[in-house]
Structure formats: structure tokens, C-alpha cells
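Student: I am new to this structure and would like a close look at a single part of it. Could you take one helix slowly, and then show me how the rest is arranged around it?

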Amino acid sequence: EEIRNAISDILLREYETLHVLGRAAEYKDQETGIHILRVANYARLIAEVIGENEVKLDILFHSSALHDIGKIGIPDRILLKPGPLSDQEFRVMKSHTTNGHGILEQSESSYLLTGAMIALTHHERFDGTGYPMGLAGSEIPLYGRIVCVADVFDALTTKRPYKEPWSLDRAFGQLEERKGDQIDAYLIDAFTENALHVERIYTENRDTSDAPAAEPM
């Protein structure tokens with residue numbers, strides 16, 4: 001019993017460390033820890049629907065908190081710019097993926113190593129047009145593809161320096177448009193077919209500034 005309690009305490013401290021690191025990146029990005037919780041829960045939902053076991057669900061849930069840790073190294077003038085980025089600025093912004101991988105890769109923790117992989121690959125696109133490596137299809141690690149869906153949906157439905165939040169319906173529609181092209185169709189289906197669960201996650205972890213703007217005519 002003492003051993004089990006000690007292991008439990010160690011895991012709790014590791015979980016806390018993961019989420020503190022994740023919040024550090026979000027704080028710099030003028031986001032909140034709520035973003036981390038939404039992405040983590042969306043990612044866990046997708047993984048659960050496609051049949052991942054509890055151990056893998058746990059690792060994905062906590063490691064996904066680190067997907068944008070590399071933003072710590074992005075200058076504020078680029079990270080917080082309210083308008084479109086120039087080509088040079090976008091090249092700098094894209095480096096948050098390799099920054100994050102570099103921060104996390106020298107570790108023996110399965111959580112940090114998974115976080116490193118997610119940080120590196122969550123902006124890869126199914127058709128090979130993503131970054132930083134231009135991977136395509138199954139070349140992209142599964143958890144990178146899963147967090148891609150979760151992160152894109154959350155970006156669409158929340159306020160950012162360059163955009164107002166979209167409604168859930170509009171965001172679901174955008175995912176459908178990108179299905180099989182930029183984003184894994186199988187994972188989008190797993191997400192959109194559980195729209196009620198998605199809505200519950202969104203509602204329970206909603207930022208008050210994320211009231212959707214009026215839909216375009």
C-alpha cells in the first residue's frame with residue numbers, strides 16, 4: 001500500500017509538472033490553461049473512440065498539454081501580432097514545433113517524450129503540406145494527427161489575436177471541408193460523430209471571452 005501511494009504521488013507530481021509547463025507556453029500566448037484542458041480532452045475523446053487503451057489515453061491526455069511549449073521561444077511581436085504574418089514571421093512561428101521538440105526530447109519520461117513528438121508533429125498535414133518536415137498520411141505519428149484535430153478545432157472556436165471565435169457548427173463544418181486533405185478523415189469522423197461529447201467538453205471548459213461572432217452570410 002505504501003509503494004502504491006508513493007507511485008501515485010510521483011505520478012501526480014509529474015502530471016502537475018506537465019500542465020505547469022503547458023500553461024507557461026499558453027501564458028506567453030495570452031491564452032489560459034483552459035485551452036490546454038480542452039485540447040487534452042478533445043484528444044483523449046478521439047483516442048478513446050478509436051480504441052486506445054487506458055494507459056495510452058492517460059499518456060496522450062497529459063502529454064498533449066505540451067503541444068505548444070515551443071512558443072516560449074517565439075518573440076512576442078510575432079506571437080501576439082493581431083494581423084497576418086509576413087513570410088519571414090511565419091517561418092519564425094513555425095519553429096515553435098522544433099523548439100518544443102528540442103526542449104523535451106532529452107528525457108526518460110514517457111510523458112515528456114510523447115510531448116516532444118506531439119510538439120514536433122501537430123502541425124503536419126495529411127496531404128504533406130504541413131510543417132516542419134512535410135510528413136504525409138501515416139508518416140505522421142498517430143498522436144500528432146490526433147492533437148492536430150483537437151488543436152485546429154480549438155483554434156477555430158476560441159478568440160485569437162487575429163480572429164474572433166467561430167460557433168461549434170461552423171468549426172465542425174470546417175473540419176469536414178479539410179477531411180482527408182489536410183487532416184486525417186478517420187480521426188475527424190471519430191471527433192464529429194461524438195459532437196455532443198465535444199460540446200460538453202467545450203461548455204465545461206469555456207472561456208468567457210469566446211462568445212462566437214455572428215455567422216457570415
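Tutor:
**A close look at helix α5**

Helix α5 covers residues 87–104, and because a helix is expected to rise 1.5 Å a residue, its 18 residues should span 26 Å; the C-alpha atoms at its ends are 27 Å apart, which agrees. Please keep in mind throughout that this is a predicted model. The agreement in span does not leave α5 without a bend, for there is a kink of about 30° in this helix, centred on T97.

T97 is also one of the buried residues of α5, a list that consists of E89, M93, H96, T97, G100 and L104. A general point helps in reading such a list: an α-helix has 3.6 residues a turn, so residues three or four places apart point the same way. What covers the buried residues of α5 includes two other helices, α4 (76–79) and α6 (110–121).

From H96 and T97 we can step to a residue outside the helix. H122 is placed in the loop between α6 and α7, and, leaving out residues up to four places away in sequence, H122 touches both H96 and T97, along with H67, D68, G144, V147, C148 and D151. H122 counts as buried because its relative accessible area is 1%, which is below the cut-off of 20%. Its side chain is joined to that of H123 by a polar contact of 3.3 Å. The loop between α6 and α7 also holds P132, and the peptide bond leading from Y131 to P132 is cis, with omega near 10°.

H67, one of the residues that H122 touches, leads on to another histidine, H35, since the side chains of H35 and H67 make a polar contact of 3.4 Å. H35 is found in helix α2 and counts as buried, with 1% relative accessibility. A further polar contact, of 2.4 Å, joins the side chain of H35 to that of D154.

D154 brings us to helix α7, which runs over residues 142–157. The 16 residues of α7 should span 22 Å at 1.5 Å a residue, and its end C-alpha atoms are 23 Å apart, which agrees. This helix is mostly covered, with 15 of its 16 residues buried.

Helix α7 also has a leading part in the largest nonpolar core, which has 32 residues, and in which Y42, L60, I146, V149, F153, L175 and F191 have the most contacts. The elements that give two or more residues to this core are α2 (33–49), α3 (54–63), α7 (142–157), α8 (168–178), α9 (185–192) and α10 (195–204). The largest share, nine residues, comes from α7. As a general background, in soluble globular proteins nonpolar side chains tend to be buried together.

L60 gives a more local view of that core: leaving aside neighbours within four places in sequence, L60 is in contact with A43, R44, A47, I118, Y143, I146 and V147. Apart from the largest core lies another, of seven residues, and L104, which we met among the buried residues of α5, belongs to this other core, as do L18, I59 and L66. L18 can be followed a little further, because its C-alpha atom is separated by 6.7 Å from that of H62, although the two are 44 residues apart along the chain. H62 itself is found in helix α3 and is buried, with a relative accessible area of 9%.

A similar pairing across the sequence occurs at A190, which lies in helix α9 and counts as buried at 5% relative accessibility. The C-alpha atoms of A190 and I50 are separated by 6.9 Å, while the residues are 140 apart along the chain. Not counting residues up to four places away in sequence, A190 touches I46, V49 and I50.

Finally, we can set α5 within the whole. The protein has 10 helices and zero strands, and buried residues make up 47% of its 217 residues. Of the contacts with a separation of 6 or more, 63% are accounted for by residues 24 or more positions apart. The protein exposes about 10,800 Å², of which carbon and sulfur atoms supply 54%.

Note on methods: Residues are numbered from 1 along each chain as its sequence is written. This is a predicted model: local features need pLDDT of at least 70, side-chain atom pairs count only at pLDDT 80 or more; totals for chains, interfaces and linings use all residues. Side-chain values use heavy atoms; hydrogens and water are left out. Helices (H or I, at least four residues) and strands (E, at least two) are DSSP runs, numbered from the N terminus. Buried means under 20% relative accessible area, exposed over 50%, partly exposed in between (1.4 Å probe, protein chains only). Contact means heavy atoms within 4.5 Å. Accessible areas come from the Shrake-Rupley method with a 1.4 Å probe; for residues, only the protein chains shown count as cover. A nonpolar core is a set of buried Ala, Val, Leu, Ile, Met, Phe, Trp, Tyr and Cys residues joined through side-chain atoms within 4.5 Å. The expected span of a helix is 1.5 Å times one less than its number of residues. The bend at a residue is the angle between axes fitted to the seven residues ending there and the seven starting there. A polar contact is a pair of N or O atoms within 3.5 Å; within protein, one must be able to donate a hydrogen and the other to accept it, and residues adjacent in sequence count only if both atoms are side-chain atoms.
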